[in-house]
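Please open the model in your viewer and keep the sequence beside it. The tour below goes from one selection to the next and says what is there.

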Amino acid sequence: MQTQPTASHFINGAYVEDTNGTPIDVIYPATGEKIATVYAATAEIIDQALSAARAAQAAWGAMTGTERGRILRRAADIMRERNHDLSVLETYDTGKPYQETSVADATSGADALEYFGGIAAGLTGEHIQLGEDWVYTRREPLGVCVGIGAWNYPTQIACWKGAPALACGNSIVFKPSETTPLCALKVAEILHEAGLPAGLYNVVQGMGEVGAALVTDPRVDKVSLTGSVPTGRKVYAAAAEGIKHVTMELGGKSPMIVFEDADIENAISGAILGNFYSSGQVCSNGTRVFVHTDIKEAFLSRLAERLGTAVIGDPMDPATSFGPMVSKRQLDIALGYIEKGKAEGARLVYGGNEIEGDGFYLQPTVFADVTDDMSIAREEIFGPVMSVLDFTDEDDVMARANDTEFGLAAGVFTRDLARAHRVAAKFEAGTCYINTYNDAPVEAPFGGMKNSGVGRENSKAAIEHYSQLKSVYVRMGDLEAPF
Ligand code: NDP
């Protein structure tokens with residue numbers, strides 16, 4: 001497959017190159033080989049993209065929702081038709097196994113395009129009668145949106161931000177993570193092939209400073225970031241300067257509570273999905289697994305048995321179920337936490353080692369006897385490192401589960417229906433799971449509480465974050481004034 005893109009950027013409906021920007025090598029995580037080079041956006045490229053987005057937005061916002069939606073739904077169809085090629089590219093970009101990318105990336109991007117394509121025609125204001133007078137509201141676009149993505153789901157993030165933005169009549173300039181610059185360009189290509197007018201979906205490459213330049217530009221009305229809490233703080237503060245709208249999808253250190261009455265096989269499935277899918281590089285992962293002491297040893301031994309069946313290897317092989325981490329840097333971060341876990345007294349019960357070879361492979365790793373104060377229980381690792389903590393009492397485990405700056409997700413495994421809902425209600429987290437983990441259907445709101453974010457992506461809730469209401473007051477009779 002051709003992994004070198006036609007050019008680094010996609011602006012005003014066409015590929016654009018500018019080799020004056022800093023070169024960014026794209027590395028295939030499974031082998032460490034360079035598979036493409038793109039160039040960071042120069043000030044001129046950023047200006048071109050924002051100017052194009054500004055110029056195109058008004059006409060797009062004036063089209064009917066049905067017309068806008070048709071284009072998004074057509075793009076969804078093209079994306080599904082090309083799922084194989086897009087999945088292979090996603091695997092090159094991120095290193096995630098094809099077994100995952102073929103069912104979780106372009107497919108979920110297509111779901112977002114289809115969902116928001118469907119909703120576009122139904123966007124309306126309301127009529128508010130006030131005696132003889134009345135007010136009507138208009139749901140209007142925000143204008144130019146900037147999307148900044150993390151590297152773990154490059155296609156999905158490009159669509160989760162682009163689809164609602166476009167459905168509501170906005171234009172967007174999207175900056176992928178410098179680690180995974182390839183997939184968003186394909187999203188732009190497909191949208192334009194589906195009939196999107198030029199200038200509405202632009203992609204520019206670059207590191208944090210390109211993101212920062214986009215966020216502070218006065219032509220920008222809204223910023224949506226998927227990234228870490230420290231970056232979120234900076235971007236949120238920069239957006240505040242210009243009183244811009246924001247969506248912040250940030251990190252997590254989510255709890256998963258396994259009660260003594262849980263179906264152990266299902267709980268272990270949840271723990272595997274919530275810690276080792278995408279080699280643990282998922283924001284909503286349930287990395288603090290609280291297991292009731294009555295079932296702890298049974299849980300750990302069965303978990304180890306099941307981890308032993310993971311197929312670790314070439315991500316392009318459809319049989320492979322566990323791939324490399326995205327980069328050497330991310331691998332080193334995870335290895336650093338494994339050392340901290342050992343040094344702080346946690347018991348390593350599975351994995352813990354880098355897998356020798358050219359790629360950035362780390363064994364699925366499990367620590368038991370983890371306590372709440374350990375670094376591995378407090379900080380987001382963003383790698384395949386699970387912490388198992390003990391508990392016996394529901395109130396106590398709830399307090400410990402919520403004792404974190406983060407609030408992205410949380411899960412509970414139990415057969416007790418009342419307890420499941422009681423616990424879900426008490427979780428301080430934006431997305432909670434009962435007897436499952438890490439589902440993220442486009443129909444449901446997704447986002448964080450506390451430091452994990454502001455706003456919601458997906459679902460009807462996203463419409464609130466990509467549009468604004470205008471109230472129009474209509475007087476039917478004469479108007480009285482004091483003088
Ligand atoms: P980072 O926070 O490092 O980067 C996120 C994006 O922001 C990148 O495109 C980055 O560019 C850009 N950026 C960095 N600095 C600035 C700045 N000052 N102004 C504007 N943009 C900037 O996150 P990672 O890419 O390392 O992704 C991992 C993080 O993302 C984890 O914390 C994870 O939890 C979170 N995440 C959250 C999700 C959610 O939905 N809540 C989903 C997925 C991930 P560059 O990389 O080129 O420096």
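A crossing is called left-handed if the near helix is turned anticlockwise from the far one by less than a right angle, and right-handed if it is turned clockwise. The model is a predicted one, in which local features need pLDDT of at least 70 and side-chain atom pairs count only at pLDDT 80 or more, while totals for chains, interfaces and linings use all residues. Residues are numbered from 1 along each chain as its sequence is written, and side-chain values use heavy atoms, with hydrogens and water left out.

Begin by selecting residues 65-81, helix α2, together with residues 106-120, helix α5, whose axes come within 7 Å and cross at roughly 160 degrees (axes are lines fitted to C-alpha atoms, for helices over the stretch in contact, and angles run from 0 to 180 degrees between N-to-C directions). Because of that angle, α2 is roughly antiparallel to α5 (angles over 145 degrees count as roughly antiparallel, under 35 as roughly parallel, 65 to 115 as roughly perpendicular and the rest as oblique). The crossing of α2 and α5 is left-handed. Among the residues in contact, meaning heavy atoms within 4.5 Å, are Leu72 and Met79 in α2 and Leu113 and Phe116 in α5.

Keep α5 and add α6, residues 154-167. The axes of α5 and α6 come within 8 Å and cross at roughly 5 degrees, and the two helices are therefore roughly parallel to each other. Residues that meet here include Leu113 and Phe116 in α5 and Cys159 and Trp160 in α6.

Next, keep α6 and select α7, residues 183-193, which packs against α6 at an angle of about 40 degrees, with the axes 8 Å apart. That makes α6 oblique to α7, and α6 passes α7 in a right-handed crossing. The contact is made by Pro154, Thr155, Ala158, Cys159 and Leu166 of α6 and by Cys183, Ala184, Val187 and Leu191 of α7.

Finally, select the ligand: which of the 29 residues around the ligand come nearest? They are Gly149, Ser228, Thr231, Leu250 and Glu380, where a residue counts as near if one of its heavy atoms lies within 4 Å. For polar contacts with the ligand, pairs of N or O atoms within 3.5 Å, display Gly208, where a polar backbone atom is 3.4 Å from an oxygen atom of the ligand. A nitrogen atom of the ligand is 3.4 Å from a polar backbone atom of Ala212, and a nitrogen atom of the ligand is 3.4 Å from an N or O atom in the side chain of Glu249.

Terms used: Helices (H or I, at least four residues) and strands (E, at least two) are DSSP runs, numbered from the N terminus. A polar contact is a pair of N or O atoms within 3.5 Å; within protein, one must be able to donate a hydrogen and the other to accept it, and residues adjacent in sequence count only if both atoms are side-chain atoms.
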